[in-house]
Amino acid sequence: MRQRSRFLFKKLIHHGLQYLTAGVLSGGAIALSALPSSAVSEIVVKFGPTQATIHISDLDTFAQTGQVPTSLQRYRAALTPTVQQALNNRLNVEPSIRDRFVQDLMDGENGRPFVAMLSRVAPSLTPEIIQTAMQTAETSDVGVTAITLLQALPEDTLNLDGVALLRLLSQLGLSHLEQTALGQVLDRELNTPSMGALSPRFDPSVSGSQDFDRWSVSFRDHDRDRVIPVDLYWSEHGPGPTVVLSHGFGADRHFLDYLAQHLASHGLTVVTLEHPGSNVDALVKAEGPLLPAEEFIERPRDVSFILDRLADLNQHSFFLRDHLQTDAVTLVGHSLGGYTGLVLAGGKVDPIALDKFCIGLEVGASSPADWFQCAATEATLPPERLADPRIKQLVLMNPLAGHIFGDQGLRPVKVPALVVTSTHDGIASVSDQQLRPFNQLTGPRSLVAIIGGTHLSVGDPANLNPALTQVPFMSERPEDETLQLRQYLNGTVLSFVMQQTGQAEKYQAFLSSDYAEIFSTAALPIRYGDRLPPSIDSWLANRDRLNRRLTPTVKSLASLLHLELIGDRKSTRLNSSHVRT
């Protein structure tokens, strides 16, 4: 046991130091043709009476040539092509979005931890200074990069508190390692031996033969003064099962177009709606918070409103009469759309639990989705329930569903649910936002784990914002690597929807680990299960207990070691089985 612990600590230190060094050289720079007369020329990291100096010109040389200058030789192991790319990546963010984000940090309650962290790490910097530096860096030939941003800061030397910086980066490193280890455990634990029972006469991932129409319309809700754009896919052959697609924050109704078209080709009615308060257009408006608190209420209402309008059309429209079925709907939600579906299926927001969680939130120990959900603390929940009995099934892709429902708020969700999680999701953590809620669902449920998948891997490549795919250390998979995944989702989501029809048995075989294995690749293995492995159940329960008793850093360290021990035991069992065979 002592030897195994020593091995785990060595592994932790090795990967942790790599991550910390990379963070100091690139991630730290990012978090901070410019004006040469006031440009920062060096970064000084102080550790009490000692200090380390990094010259911006040396970083620039490495960024441009890939060659490591003499002064940076001690960091050679961490100066990888990934770090070089991160230093050169241009920050393609609309100025209005950037300015509103900074304004949120300065004015909002949830921004206080960020401002406090910044004052500890870089006492001379403020959000206003960084905002001005970004505006200056935009005027350079290459736009805003880590280098041009540093060069635009109004001082010769950027002083960083090394202890505070290492504390932040160590927590970031531990969180990263924890999610990586969790992905490895899920890969092993859900990789069940094939039963050899899958011999289908057809493949649901292949496009169907049904002709369909696609109408783009907008419906105005006069009571809420809200216009909901919709793409409606329908067939002349009569009402098939109805599927509603709800996009995530900052996206639009085209995010899952490939899936909508595939389902429609099999005779399903598909409704892709756009939430006007949290779509891509809402990000570029002139003022207001990036994610208004009322969106947590208005999004579920958007869906119910559209279903009401479609029910009217089914009764009174000349073209659509008796062609729409709205009393048994499967909702497919991505990210914030996953939250939307859970509320419609009976999930209850727990404002007390959310307030308590958000008060203790720490930078570095949380994912972006943790901060997004804290916007809901400002929402005034209506006295009436937001649940809609027409929602009979849920497909939740990378859902934002962490602590907003507390420990009991998802217990009322009893409809069948298919949860799709990506182990390299840099927006919504696998543990808190996806697996923890999965375990709270009380109805029939199943899990698809995309090993190595990211937050946007399930999206339609033709409709992704290119800037989102270039964020350093959170980069998205290229289109060719996610092709098999999208084909799998076409077949699996179709098979799941058809479980509410008389053809359920025909499609049941495709909701299996054998079917997932067909589409698995070396880059993106796909695992399927109808429950979490006992080892992950135990880990999640232990992690919740640690959350209440330990600091975030110590909790993450203990959690990581627990995962490593699980993986080590699994490897030992596999090796023993191989020897016996």
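This report walks through a few helix packings and one loop residue in a predicted model.

## One side of α13

Let's start with helix α13, which runs over residues 351-359. Its buried residues are Leu354, Phe357 and Cys358. Together they span an arc of only 95° around the axis, which puts them on the same side of α13. The spacing fits a simple rule: an α-helix has 3.6 residues a turn, so residues three or four places apart point the same way.

What sits over that buried side? Part of the cover comes from α14 (368-373). Turn to the opposite face of α13 and you meet the exposed residues Ile352, Lys356 and Ile359.

## Where α2 meets α3

Next up are helix α2 (residues 56-65) and helix α3 (residues 81-88). Their axes lie 8 Å apart, and the two helices pack at an angle of about 105°. That angle makes α2 roughly perpendicular to α3, because anything from 65 to 115 degrees counts as roughly perpendicular.

If you want to find the contact in the structure, look at Leu59, Phe62, Ala63, Gln64 and Thr65 on the α2 side. Across from them, α3 brings Val83, Gln84, Leu87 and Asn88. Sorted by class, this contact has five nonpolar residues, four polar ones and no charged ones.

## Where α15 meets α19

Further along the chain, helix α15 (residues 430-440) crosses helix α19 (residues 534-549) at roughly 115°, and their axes come within 11 Å. So α15 and α19 are roughly perpendicular to each other. Their crossing is left-handed.

Which residues make this contact? From α15 come Ser431, Asp432, Leu435, Arg436 and Asn439. From α19 come Ile536, Asp537, Trp539, Leu540, Arg543 and Asp544. Here the classes split into four nonpolar, two polar and five charged residues. Charged residues thus take part in the contact of α15 with α19, while the contact of α2 with α3 has none.

## Ser124, in a loop

Finally, a single residue to look up: Ser124, which you'll find in the loop between α5 (112-121) and α6 (127-137). Is Ser124 buried, exposed or somewhere in between? With a relative accessible area of 32%, Ser124 is partly exposed, because that class lies between the 20% limit for buried and the 50% limit for exposed.

Leaving out residues up to four places away in sequence, Ser124 touches Ile129, Glu155 and Leu158. Leu160 is 36 residues from Ser124 along the chain, and the C-alpha atoms of these two residues are separated by 8.8 Å.

Conventions. Residues numbered from 1 in each chain as written. Predicted model: local features only at pLDDT ≥ 70, side-chain atom pairs only at ≥ 80, totals over all residues. Heavy atoms only, no water. Buried < 20%, exposed > 50% of the residue type's maximum accessible area, 1.4 Å probe, protein only. Helix = DSSP H or I, 4+ residues; strand = E, 2+ residues; numbered from the N terminus. Arc of directions from axis to C-beta. Contact = heavy atoms within 4.5 Å. Axes fitted to C-alpha atoms, helices over the stretch in contact; angles between N-to-C directions. Parallel < 35°, antiparallel > 145°, perpendicular 65-115°, else oblique. Nonpolar A, V, L, I, M, F, W, Y, C, P; charged D, E, K, R; others polar. Left-handed = near helix turned anticlockwise from the far one by under 90°.
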